[in-house]
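Here is a short tour to read with the model open beside you. We start with one residue and work outward from there.

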Amino acid sequence: MEALLRDQNPSLRTDSTVLKERTSYNLTLLNYMDPQKMPSLKPEPYFGMGRMAVSWHHDENLMERSTVAVYSYSGEEVDGGILEEKSAAGRDPDVWHVALKVAWDIETPGLAIPLHQGDCYFMLDNLNMTHQHCVLAGRQSRFSSTHRVAECSTGTLPYILDKCKAALENLNTDADLKVPCLKSLEVGDITQVEKTHNEVEFEWLRQFWFQGKRYRRCTDWWDKPMANLEDLWRQMELMTSLLLRELRKEEQMEEQRNEKISSLLPLLVERQARRQEWLVR
């Protein structure tokens with residue numbers, strides 16, 4: 001009974017229970033970088049902190065207020081003479097750093113913290129939400145492992161496959177039809193399809209084809225699921241085309257057509273704008 005009351009009333013939960021939940025890591029990211037082989041690393045744009053290995057960001061899809069833990073292991077640091085002058089921010093360019101800044105604020109100065117061989121750091125409570133962080137490259141190669149408590153109700157392969165399946169329920173491909181058609185033109189149905197269309201393209205496919213190919217040296221496991229998602233995306237491209245064709249038909253009542261267009265247009269404008277952003281990457 002006591003355990004049940006604790007579950008139903010968060011105020012009765014002990015500090016140890018909360019700590020365990022916030023550190024029950026279920027996701028590990030392994031990274032390696034050799035800055036000497038990446039001469040085109042971009043400079044940190046706001047505070048003159050030097051070259052970035054990872055640009056400013058929040059970690060996403062995490063359990064609320066969970067702890068992010070990072071272990072960093074770099075090669076031996078350069079001894080002796082200074083090979084490069086310190087940056088305007090006073091950072092030693094030979095040493096890897098993690099930097100923090102207030103989220104979406106470039107007026108308040110950022111903070112760069114050196115990461116020496118074998119260091120570990122933690123982002124506690126809501127720090128990941130109130131601040132952004134980046135990783136500043138040193139001279140030596142570096143391995144890191146990032147440990148997170150992932151929120152698994154979204155952002156997983158089963159999640160996006162279920163969303164695609166629900167979206168494609170609105171596509172009629174019966175064999176007796178000359179061409180496929182949409183089952184419903186209701187605003188809720190068509191907007192849900194187009195939202196899923198955008199999510200698949202920009203949060204999955206483009207991310208994978210931009211970053212995923214390099215990991216084939218380790219595993220090709222993702223190739224088949226991503227090929228499946230690409231097939232589903234093509235069907236949603238067809239659904240968008242069918243929808244636009246329906247909206248052009250004169251038998252559509254003007255008021256109904258305008259309602260559908262006003263719901264659909266922001267999603268299509270967003271899609272086009274994001275495609276343009278990806279073209280310049």
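## A serine on helix α7

Ser262 is found in helix α7. This is a predicted model, so please read what follows in that light. Is Ser262 buried, exposed or partly exposed? With a relative accessibility of 49%, Ser262 counts as partly exposed, because exposed begins over 50% and buried means under 20%.

Ser262 also has a distant partner in sequence to look at: Val187 is 75 residues away along the chain, and the two C-alpha atoms are separated by 9.7 Å.

## The helix around it

How does the length of helix α7 fit its residue count? The helix runs over residues 254–279, which makes 26 residues, and at 1.5 Å a residue these should span 38 Å. The C-alpha atoms at its ends are 36 Å apart, which agrees with that expectation.

Follow α7 along and you will meet a bend of about 30 degrees at Leu264. A proline, Pro266, follows within four residues of that point.

Leu264 is also one of the buried residues of α7, together with Lys260, Leu267, Leu268, Arg271 and Trp278. What do these buried residues pack against? Their neighbours are two other helices, α5 (187–211) and α6 (223–248). As a reminder, an α-helix has 3.6 residues a turn, so residues three or four places apart point the same way.

## A nonpolar patch and a buried serine

Now turn to another part of the model. Tyr32, Tyr71, Tyr73 and Phe143 make up a nonpolar patch on the surface, and together they have about 440 Å² of accessible area. Of these, Tyr71 lies in strand β3, residues 68–74, and counts as partly exposed because its relative accessibility is 35%.

Tyr71 leads us to Ser144, in strand β8 (residues 142–148). Ser144 counts as buried because its relative accessible area is 8%, which falls under the 20% cut-off. Which residues does Ser144 touch, once its neighbours within four places in sequence are left aside? The contacts are Leu29, Leu30, Asn31 and Tyr71.

## The protein as a whole

Stepping back, the protein has seven helices and ten strands. It has 281 residues, and 34% of them count as buried. The accessible surface comes to about 17900 Å², with 54% of it belonging to carbon and sulfur atoms.

Contacts reach well along the chain too: among those between residues at least 6 apart in sequence, 77% join residues at least 24 apart.

Terms used:
Residues numbered from 1 in each chain as written. Predicted model: local features only at pLDDT ≥ 70, side-chain atom pairs only at ≥ 80, totals over all residues. Heavy atoms only, no water. Expected span 1.5 Å × (residues − 1). Bend = angle between axes of the 7 residues up to and from the residue. Buried < 20%, exposed > 50% of the residue type's maximum accessible area, 1.4 Å probe, protein only. Contact = heavy atoms within 4.5 Å. Patch = residues over 30% accessible without salt bridge, like charges linked within 9 Å, V, L, I, M, F, W, Y side chains within 5 Å. Areas by Shrake-Rupley, 256 points an atom, 1.4 Å probe, with all protein chains shown as cover. Salt bridge = Lys/Arg side-chain N within 4 Å of Asp/Glu carboxyl O.
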